[in-house]
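Q: Please take a close look at one helix of this model and at what packs against it. After that, go through the empty spaces in the structure, and say what lines each of them.

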Amino acid sequence: MPRTLPLRICLLLLPLIFCQAAPAQSLPKIRAAYTSIAIQMDPIYIMKELNLTRKQGLDAELLYVPVSSRAIQAALAGEIHFLTSGGVANVNANVAGADFVGLTATLNTFVFKIISRPEIKEPAALKGKKVGISRLGGVSDAAIRFALDRWGLVPDKDVAIIQVGGEIEEMMALQNKAVDAAVLSEPIASVALKSGSTLLFDLSRLDVQYTMHGFGTRKSYIRDNRDAVIRFMKAYLEGIYVFKTNKELALNVLKKYTRVDDVALMQTAYQEMSQRLIRSVPHPSPEGIQTILDQLGKGRPEIKKFKPSDLIDPSILKEIEDSGFVKRLYGQ
């Protein structure tokens, strides 16, 4: 009997030994980057705060990379798998030989506001003045150039476009009179208005389809990791769902990431974003990309070889929507 005791103990302990020896099943690791601090990024902040990617079976790291071109370079090097960027950045990346495509058109129109010094009362008064943007070649740069063209003003000739480095830096440059106007989105635009600046023009009034913000990735990554792409986009769509349906949580998360304590400043912008501008399923927009191609192609013949279908992949969101995932989210 004593001789059988060790064997009996071993048999009892065997499951425990195997459980300890077997490695825990690891989740696929991904890295995603968001490229600005603004209300349209709130679904991503919510993804991060609620860890919605883990709910979809991913081990995700969401990083702030404030320059789209730098984030795209990281994506092309394989360091980042998904990133937010405007259609302009996607086009420029592909002109340089990348295989980058947009998965969403989360914002498919301009949402910037031109905030100016009080004495500037109409767009024509920008002639001879300086306008601050975040980065040359970025979305704010493209937006002001598009608007100036509509107003009959020549960028870099009639109006100087000054790279400042970020929206908070733009606001400070405006307050310090280093620039006469700045291209700002919410909630920073409202902060600037509260400090005494003037709303010169709301670019959403141009009512043009223009892919300003969305998530994208490389074609090669989709080909090799389609399941991970589907899972990540499901987490993003749930972030949008929470943003649209839980105002208190959405504003509290936005407050944390923007460090704007006055939530009242965000109320109007939140209402507009959640009810009108950000759709439940923000399918990529051929029309929004075509507007960008038309704009960039005026001075760059190499742009004309691209079609919108070269620069977007609508199949991911379509597959998710067809599966009934979004209807289940919204209780339909």
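A: In this predicted model, the axes of α2 and helix α11 (residues 247-258) come within 9 Å of each other and cross at roughly 95°. Angles of 65 to 115 degrees count as roughly perpendicular, so α2 is roughly perpendicular to α11. On the α2 side the contact is made by D42, Y45, I46, K48, E49 and L50. The α11 side supplies L249, A250, L251, V253, L254, K256 and Y257. By class, the residues of the contact of α2 with α11 are nine nonpolar, no polar and four charged.

Helix α2 (residues 42-50) also packs against helix α10 (residues 226-245), at an angle of about 105° and with the axes 8 Å apart. The two helices, α2 and α10, are therefore roughly perpendicular to each other. From α2, the residues that take part are D42, P43, I44, I46, M47 and L50. They meet F232, A235, Y236, G239, I240, V242 and F243 of α10. The contact of α2 with α10 divides into 11 nonpolar, one polar and one charged residues.

D42, I46 and L50 of α2 appear in the contact with α10 and also in the contact with α11. P43, I44 and M47 are listed for the α10 contact, while Y45, K48 and E49 are listed for the α11 contact.

The empty spaces come next, beginning with the pockets. The largest pocket has a volume of about 930 Å³. It is lined by 43 residues, and T35, S36, P66, V67 and S68 are the closest to its centre. Helix α11, which packs against α2, is among the elements that supply at least two residues each to this lining. The others are α4 (68-76), β3 (82-85), α5, α6 (139-150) and α7 (167-175). The largest share, five residues, comes from α4. By class, the lining of the largest pocket has 18 nonpolar, 20 polar and five charged residues.

The second largest pocket holds about 410 Å³ of space. Of its 17 lining residues, A142, R145, F146, Q295 and L296 are the closest to the centre. Two or more residues each come from α5, α6 and α13 (286-297), and α6 gives the most, with six. The lining of the second largest pocket has five nonpolar, five polar and seven charged residues. Both α5 and α6 are thus listed for the largest pocket as well as for the second largest pocket.

As for closed spaces, a search of the whole structure finds two cavities of 30 Å³ or more. The largest cavity holds about 80 Å³. It is lined by 16 residues, of which N90, G102, T104, T211 and I289 are the closest to its centre. The elements that give two or more residues to this lining are α5 (87-95) and β10 (214-218). Strand β10 gives the most, with three residues. By class, the lining of the largest cavity has six nonpolar, 10 polar and no charged residues. Helix α5 is therefore named for the largest cavity and for both pockets described above.

The second largest cavity has a volume of about 60 Å³. Its lining consists of I39, V111, K113, E186, D202, S204, A269, E272, M273 and L277. Helix α12 (residues 267-277) provides the largest share, four residues. The lining of the second largest cavity has five nonpolar, one polar and four charged residues.

Helix α12 also contains Q275. Exposed means over 50% relative accessible area, and Q275 is exposed, with a relative accessible area of 54%. The C-alpha atom of Q275 is separated by 36 Å from that of D156, 119 residues away along the chain.

For the protein as a whole, there are 16 helices and 10 strands. Of its 332 residues, 53% count as buried. The C-alpha atoms fill a box of roughly 100 × 45 × 40 Å, taken along the principal axes. Among contacts between residues at least 6 apart in sequence, 80% join residues at least 24 apart.

Key: Residues numbered from 1 in each chain as written. Predicted model: local features only at pLDDT ≥ 70, side-chain atom pairs only at ≥ 80, totals over all residues. Heavy atoms only, no water. 1 Å grid on protein atoms, 1.4 Å probe; cavity = no way out; pocket = protein on both sides within 12 Å on 5 of 7 lines; lining within 4 Å. Points joined across faces, edges and corners; volume = space filled by probe spheres on them. Nonpolar A, V, L, I, M, F, W, Y, C, P; charged D, E, K, R; others polar. Axes fitted to C-alpha atoms, helices over the stretch in contact; angles between N-to-C directions. Parallel < 35°, antiparallel > 145°, perpendicular 65-115°, else oblique. Contact = heavy atoms within 4.5 Å. Buried < 20%, exposed > 50% of the residue type's maximum accessible area, 1.4 Å probe, protein only.
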